[in-house]
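I opened a new page for this one and kept my notes in the order I looked things up. Here is what I had on the screen.

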Amino acid sequence: MGWVVPPPKRPSKTANEFTEERRKKVEWLIQQGLLRSEQIIRAMLKVPREEFTLEMYRDYAYLEVPLPIPGQGATISCPHSYPLFYEALELKIGDKFLEIGAGSGYGAAIAREIVGSKGKVITIEIDRKTYEFAVSNLQKLGYEDILIILGNGTLGYPAEAPYDKICITAACPRIPPPLIDQLKMGGKLVAPVGHPNYPQDLILLEKKLDGRIEISSIEKVLYVPLKGKHGFNIYT
Ligand code: SAH
C-alpha cells in the first residue's frame, strides 16, 4: 500500500472543468456510500479543492491521491478522506470543531461549511510553511472566522475547549490524552492510529455522557506521521 503522486505540470484545466470534476466526485462519493449527509454533500460541492493545491498539482485536485503541499512531509489528503472522517464524526451545524493538521486548509474549509456560522472551526498546524499555505488559501477564499493556530496540535487548544468533535489528520502512535480531555461529554474524535510506514486503523473515539470512552475501528488508512509530543519524534 502506498500513494503514487502524478508528475508536476503546468495547470491547464478551466474553472468549468473543475466544477464538473467536483460534481462528479461528489456523485461518486455518494455512490460509494462514503458521503451521505446533506450538509456534508453541500460542503463538498461548494469548496473548490483546486484552490488548496500547489499550482503544479492543480489539475490533479480531484484524483484519489494525497498531493504534496509546502512543509516537511505535508499533503492535502485524498478527497474521499474528508467525508470518511466527517460522516464518522457526525459533524453538523453548530458544532465546535478542532482539527489537528491544518495542511492545505481544505479540511477546515469543508468543516466550516458544515458547522456554519453558529459553529466554530479551530485548526492547528505544526509546520510554519504549511501553516502559511493554509492561512493564504483560507484568506483568499474569505474564510475569515476559522482560527488557524501555529503549534503542536497534540496538546490541543485549551483556550477554546471543550470541543464537540475533533479530528487528527496525521498518524499517531496513540490518541493524545490532552485531546481526549478537551472533548465534550457526548463528543467524538477520529484519528488514524498506528505506525506511519504501515496502514493505520482509523479510530472513532466516543466520550459518552457519563464520561465513558468507547473506541471502534472504521477502516485502514495511510497518513503522514503526527509530530511532536504524543506524536512520532521523526522530524522534531
Ligand atoms: N487536513 C489537511 C491534511 C493534513 S496532512 C488538509 O485538509 O489539507 C497532516 C498535517 O499534519 C501536515 O500538514 C503536518 O505538518 C501536520 N502535523 C503533523 N504533526 C502535527 C502536530 N503535532 N500538530 C499539528 N499539525 C501537525
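**Enclosed spaces**

I began with the inside and found that the structure holds 2 cavities of 30 Å³ or more. I noted straight away that I am reading a predicted model.

I took the largest cavity next, and its space comes to about 370 Å³. I listed 31 residues along its lining, and those closest to the centre are G101, E125, T169, A170 and V224. I then checked which elements give two or more residues to that lining: they are strand 2 (75-76), strand 3, helix 4 and strand 4. By class, I got 14 nonpolar, 14 polar and 3 charged residues around the largest cavity.

I moved on to the second largest cavity, where about 60 Å³ of space lies. Its lining is made by S77, S81, Y82, F85, Y86, E99, C167, T169 and Y223. Which element gives the largest share of that lining? I found that helix 3 does, with 4 residues. Sorted by class, the lining of the second largest cavity has 5 nonpolar, 3 polar and 1 charged.

I marked T169 in my notes, since I met this residue among those closest to the centre of the largest cavity and again in the lining of the second largest cavity.

**The largest pocket**

I turned to the open spaces and looked up the largest pocket, which has about 230 Å³ of space. I found 16 lining residues, with W3, P66, C78, L222 and Y223 nearest the pocket centre. Y223 was already on my page as part of the lining of the second largest cavity.

Helix 3 (81-89) and strand 9 each bring at least two residues to the pocket lining. Strand 9 gives the most, with 3 residues. I sorted the pocket lining by class too and got 10 nonpolar, 4 polar and 2 charged.

**The sheet**

I wanted to see where strand 9 sits, so I traced the sheet. I followed 7 strands through an open sheet in the order 5-4-3-6-7-8-9, with mixed pairing. Which strands are at the edges? They are strand 5 (147-150) and strand 9 (213-221), each of which pairs on one side only. I also looked up the twist, and from one strand to the next it averages 15 degrees.

I looked at two of the pairings in detail. Strand 7 (residues 183-193) and strand 8 (residues 200-207) run antiparallel and pair over 6 bridges. Across that pairing, I found A191 opposite I203 in strand 8.

Strand 8 also pairs with strand 9, again in the antiparallel sense, over 7 bridges. Here K207 stands opposite I213 in strand 9. I followed the chain round and saw that strand 8 and strand 9 form a hairpin with 5 residues between them. In that turn, I noted that G211 has a positive phi of about 90 degrees.

I jotted down one reminder for reading the strands: in a regular strand, side chains alternate between the two faces of the sheet.

**Helices against the strands**

I then checked two helices that meet the sheet strands. Helix 4 (residues 106-115) lies across strand 3 (96-100) and strand 4 (120-125), and I read its angle to strand 4 as about 165 degrees. Helix 5 (residues 128-140) packs on the sheet and touches strand 4 and strand 5. I got about 165 degrees between the direction of helix 5 and that of strand 5.

**Rings**

I searched for aromatic pairs and found 5 in the structure. I looked at F18 and Y62, a tilted pair with 6.4 Å centre to centre and 45 degrees between the planes. How many residues apart are F18 and Y62? I found 44, so I noted the pair as a link between distant parts of the chain. F18 is in helix 1 (residues 15-31), while Y62 is in the loop between helix 2 (38-46) and strand 1 (67-68).

**Backbone oddments**

I finished with the backbone. A161 and P162 are joined by a cis peptide bond, with omega about 5 degrees. I placed P162 in the loop between strand 5 and strand 6 (163-168).

My last entry is E90, which is not a glycine yet has a positive phi, near 55 degrees. I located E90 in the loop between helix 3 and strand 3.

Notes: Residues are numbered from 1 along each chain as its sequence is written. This is a predicted model: local features need pLDDT of at least 70, side-chain atom pairs count only at pLDDT 80 or more; totals for chains, interfaces and linings use all residues. Side-chain values use heavy atoms; hydrogens and water are left out. Two strands pair if DSSP finds at least two bridges between them. Axes are lines fitted to C-alpha atoms, for helices over the stretch in contact, and angles run from 0 to 180 degrees between N-to-C directions. Contact means heavy atoms within 4.5 Å. On a 1 Å grid over the protein atoms alone, a cavity is a set of points where a 1.4 Å probe fits but cannot get out, and a pocket is an open set with protein on both sides within 12 Å along at least five of seven lines; lining residues have an atom within 4 Å of a point. Grid points are joined across faces, edges and corners, and a volume is the space filled by probe spheres set on the points. Ala, Val, Leu, Ile, Met, Phe, Trp, Tyr, Cys and Pro count as nonpolar, Asp, Glu, Lys and Arg as charged, and the others, Gly among them, as polar. Rings of Phe, Tyr and Trp (its six-membered ring) pair if their centres lie within 6.5 Å; planes under 30 degrees apart count as stacked, over 60 as edge-to-face and the rest as tilted.
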